[in-house]
Amino acid sequence: MNIMLISAILFAALEILALWKNRLRLEYFAKPAVMVFLFVWLWMSIGLNGVSLWFGLGIIFSLAGDILLMLSLDRFFIFGLVAFLLAHLAYVIGFNVSLPAFSVWGIVFAVMVSLGGTRIIRRILGALASKGQARLRMPIIVYSMVISIMLLSAMLKLMDITWDAGAAVLVSGGAFLFYISDIILAWTKFVTPIQHGRIYNIAAYHLGQIMLIAGVIMQFKG
């Protein structure tokens, strides 16, 4: 196993430990390190040209979002939201450099993602209104649409004959965990606290990012 991947997994585990034990200094070190090691792994494995460049940009924007939300989830929330929005857009472009062919399964996936996402976003938007945070309504609607497109783009790789089956499973599973991590974060912040929600949020986020980048490397390496 690649040393950069091992390092990313190790620091992801350290981040969970930091959250569990409330070790702020360890969190400040471990959390950004995960994305740094993923970026270096991507760069060393397949370079940063063509499709891989977009996934490299996605990692960089994710790193920026990580740092902003780590410093202050409240004060820098909107800036972190924009950083992750750009990360998802980069992933969307990376997944769709070659546009997917029309298929019935594509429609099924799109309906599944739309219905599931709509129910959740309605609850979050309702909570925003009740808490007097209506100014965040449009940014969150835009963000939810983009992350849903990112998830759908990754899921469509399961039906793409140009993609290796293992790589498609990794990127679709990783995108789903990334999606779930954002739901946990938004639900905890705006709707109702989830016990150990921050740990679940970060665990799903880091595992999702690791799986997504692993799938991209598997698909495009040599």
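Mentor: A residue counts as buried when its relative accessible area is under 20%, and as exposed when that area is over 50%. Anything in between is partly exposed. Keep in mind that this model is predicted.

Trainee: Is S172 buried or exposed?
Mentor: S172 sits in helix 7. Its relative accessibility is 9%. The cut-off is under 20%, so S172 counts as buried.

Trainee: Which backbone oxygen does the side chain of S172 reach?
Mentor: Leave out residues up to four places away in sequence, and S172 touches L151, A154, M155 and L158. Its side chain also has a backbone oxygen at 2.8 Å. That oxygen belongs to A168.

Trainee: Now helix 2. How far does helix 2 reach from its first C-alpha to its last?
Mentor: Helix 2 covers residues 24-46, which is 23 residues. At 1.5 Å a residue, 33 Å is expected. The model comes close to that, with a reach of 34 Å.

Trainee: Where is the kink in helix 2 centred?
Mentor: The kink is about 25°. Look at the buried residues of the helix, which include K31, P32, A33 and V34. The kink is centred on one of these, A33.

Trainee: Which helices do the buried residues of helix 2 pack against?
Mentor: The buried set includes E27, M35, L38, W41 and L42. Trace the packing of the buried residues through the model. The partners are helix 1 (3-21), helix 3 (51-71) and helix 8 (197-220).

Trainee: Which residue follows helix 2?
Mentor: Helix 2 ends at residue 46. What comes next has a positive phi, near 75°. That residue is G47.

Trainee: Which residue in the loop between helix 1 and helix 2 should I look at?
Mentor: Look for a positive phi of about 55° in a residue that is not a glycine. At 67% relative accessibility, this residue counts as exposed. The residue in that loop is N22.

Trainee: What is the relative accessible area of H196?
Mentor: H196 lies in the loop between helix 7 and helix 8. Its phi is positive too, near 60°, though H196 is not a glycine. H196 is partly exposed, with a relative accessible area of 38%.

Trainee: On to helix 3. Which helices do the buried residues of helix 3 pack against?
Mentor: Helix 3 has 21 residues and reaches 31 Å, close to the expected 30 Å. Its buried residues include F55, G56, I59, S62 and D66. They pack against helix 2, helix 4, helix 7 and helix 8.

Trainee: How far apart in space are I59 and M35, C-alpha to C-alpha?
Mentor: I59 is in helix 3. At 1% relative accessibility, I59 counts as buried. Beyond its neighbours within four places in sequence, I59 is in contact with M35, L38, F39, L42, Y91 and I213. I59 and M35 are 24 residues apart in sequence, but in space the separation is 6.3 Å.

Trainee: How many aromatic pairs does a search of the whole structure find?
Mentor: Phe, Tyr and Trp rings pair if their centres lie within 6.5 Å. Apply that to the whole structure. The number of aromatic pairs is eleven.

Trainee: What is the angle between the planes of F55 and F95?
Mentor: Both residues are buried. F55 and F95 form an edge-to-face pair, 5.1 Å centre to centre. The pair links distant parts of the chain, with F55 in helix 3 and F95 in helix 4, 40 residues apart. The angle between the planes is 75°.

Trainee: How far from centre to centre are F178 and Y205?
Mentor: F178 lies in helix 7 and Y205 in helix 8, so the pair ties together parts that are 27 residues apart in sequence. F178 is buried at 0%, and Y205 is buried at 4%. The planes are 70° apart, so the pair passes the over-60 cut-off for edge-to-face. Centre to centre, the distance is 5.3 Å.

Trainee: Which residues do ring pairs link into a cluster?
Mentor: Start from F55, which pairs with F95. Ring pairs join these two with further rings. The cluster is F55, Y91, F95, W163 and F220.

Trainee: Which residue lies over the face of F77?
Mentor: A lysine's NZ counts as over a ring when within 6 Å of the ring centre and within 35 degrees of the normal. Here the distance from the ring centre is 5.2 Å. The residue is K189.

Note on methods: Residues are numbered from 1 along each chain as its sequence is written. This is a predicted model: local features need pLDDT of at least 70, side-chain atom pairs count only at pLDDT 80 or more; totals for chains, interfaces and linings use all residues. Side-chain values use heavy atoms; hydrogens and water are left out. Helices (H or I, at least four residues) and strands (E, at least two) are DSSP runs, numbered from the N terminus. The expected span of a helix is 1.5 Å times one less than its number of residues. The bend at a residue is the angle between axes fitted to the seven residues ending there and the seven starting there. Buried means under 20% relative accessible area, exposed over 50%, partly exposed in between (1.4 Å probe, protein chains only). Contact means heavy atoms within 4.5 Å. Rings of Phe, Tyr and Trp (its six-membered ring) pair if their centres lie within 6.5 Å; planes under 30 degrees apart count as stacked, over 60 as edge-to-face and the rest as tilted. A polar contact is a pair of N or O atoms within 3.5 Å; within protein, one must be able to donate a hydrogen and the other to accept it, and residues adjacent in sequence count only if both atoms are side-chain atoms.
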